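Dear colleague,

Please find the structure below, handed over for your study. The notes that follow it set out what was found.

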Amino acid sequence: MMTFSKQLEKMRTQDGFIAALDQSGGSTPKALKAYGINESDYNNDEQMYDLVHAMRSRIITSPVFTSDRIIGAILFENTLDREIEGKPTSQYLWEEKGIVPFLKVDKGLEDKANGVQLMKPMPELDLLLAKAKTKDVFGTKMRSVIWEANEQGIRDVVAQQIINAGLVPIIEPEVSIDSPEKAQAEIILNRELMSQLDNLHPNHYVMLKLTLPEQPNLYADTISHPNVIRVVALSGGFPLMKACEKLAENDGIIASFSRVLTDDLYADQPQSEFDAALAETIDPIYQASRT
């Protein structure tokens, strides 16, 4: 409980952002390719996950990856099951770096229906949560996608998200930046989020991970809601500086960027160049998250 309380206080009060290091399954080859490792460089999933863990370990252990700017990091289960310098990854993050660990728990997306993609069933969720609790994990992350301004679909997305006893969920109903109805979909999403938040028990805390909206400060009411610890933003496909520009337009939202965090990192970089490139990415994300 003491660990949870310290993590909760950090998430509530400290400036900084959340690093999303949770690419999994089908997105792992893409992440490795961007890092300079092609599919021909490994023969099976185990080798692939070894390589992506080495990449993430290099990021996490970098001297520029520090808790004064990065307050949390999202992992996926394979990373949770591996170690950095002899410690489970989540405990290394918290004990050695002072960075709050989260765990991606969803198993991917269903086919599109009513203009959205709901999450696939998670039959082993209870076991996964129990494991996470033993490794200092503070919260979970679940993602669904909204493609159209379909009221029923968006209502279904919000209703499906989960309150996990003992862990704080990051709820991620991503509105695609490619949607021609993005602005209208965000208005509907904001309304549905507020409706669900108002029905929560006072002790049920959540975080929200949202696409940067077309209307700046659209989510101001969710940010100030008593059940919401933090609202974070995904880069959603925007390039780094555009994502930071849009983030800075939205008061009280911090970043939880994934792809843009690693865009300029490569496997063959000398460590000094790797650290410099990571620092040059971290700084604008941190500055935009302070607004």
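Val116 stands opposite Ile146 in strand 7. This pair belongs to the pairing of strand 6 (residues 116-117) with strand 7, which run antiparallel and are joined by 2 bridges. Two strands are said to pair if DSSP finds at least two bridges between them; helices (H or I, at least four residues) and strands (E, at least two) are DSSP runs, numbered from the N terminus.

Please note that this is a predicted model, in which local features need pLDDT of at least 70 and side-chain atom pairs count only at pLDDT 80 or more, while totals for chains, interfaces and linings use all residues. Residues are numbered from 1 along each chain as its sequence is written, and side-chain values use heavy atoms, with hydrogens and water left out.

Strand 7 has further partners. It runs parallel to strand 8 (residues 168-175), with 8 bridges between the two, and Met142 stands opposite Ile171 in strand 8. Strand 5 also runs parallel to strand 7, and 3 bridges join them; here Lys104 has Lys141 of strand 7 as its bridge partner. Since 7 of the 8 residues of strand 7 are buried, this strand is largely enclosed by the rest of the structure. Buried means under 20% relative accessible area, exposed over 50%, and partly exposed in between (1.4 Å probe, protein chains only).

Which residues of helix 6 are buried? In this helix (residues 125-133), they are Leu125, Leu128, Leu129 and Ala132. They lie on the same side of helix 6 because they cover an arc of only 100 degrees around the axis, the arc being that of the directions from the helix axis to the C-beta atoms. On the other side of helix 6, Asp126 and Leu127 are exposed. The cover over the buried residues of helix 6 includes helix 4 (77-80), strand 5 (100-104) and strand 7 (139-146).

Finally, helix 3 (residues 45-61) and helix 5 (residues 89-97) pack at an angle of about 10 degrees, with their axes 11 Å apart. Axes are lines fitted to C-alpha atoms, for helices over the stretch in contact, and angles run from 0 to 180 degrees between N-to-C directions. Helix 3 and helix 5 are therefore roughly parallel to each other (angles under 35 degrees count as such, over 145 as roughly antiparallel, 65 to 115 as roughly perpendicular and the rest as oblique). Their contact (heavy atoms within 4.5 Å) is made by His53, Ile60 and Thr61 of helix 3 and Thr89, Tyr92, Leu93 and Lys97 of helix 5.

Yours sincerely
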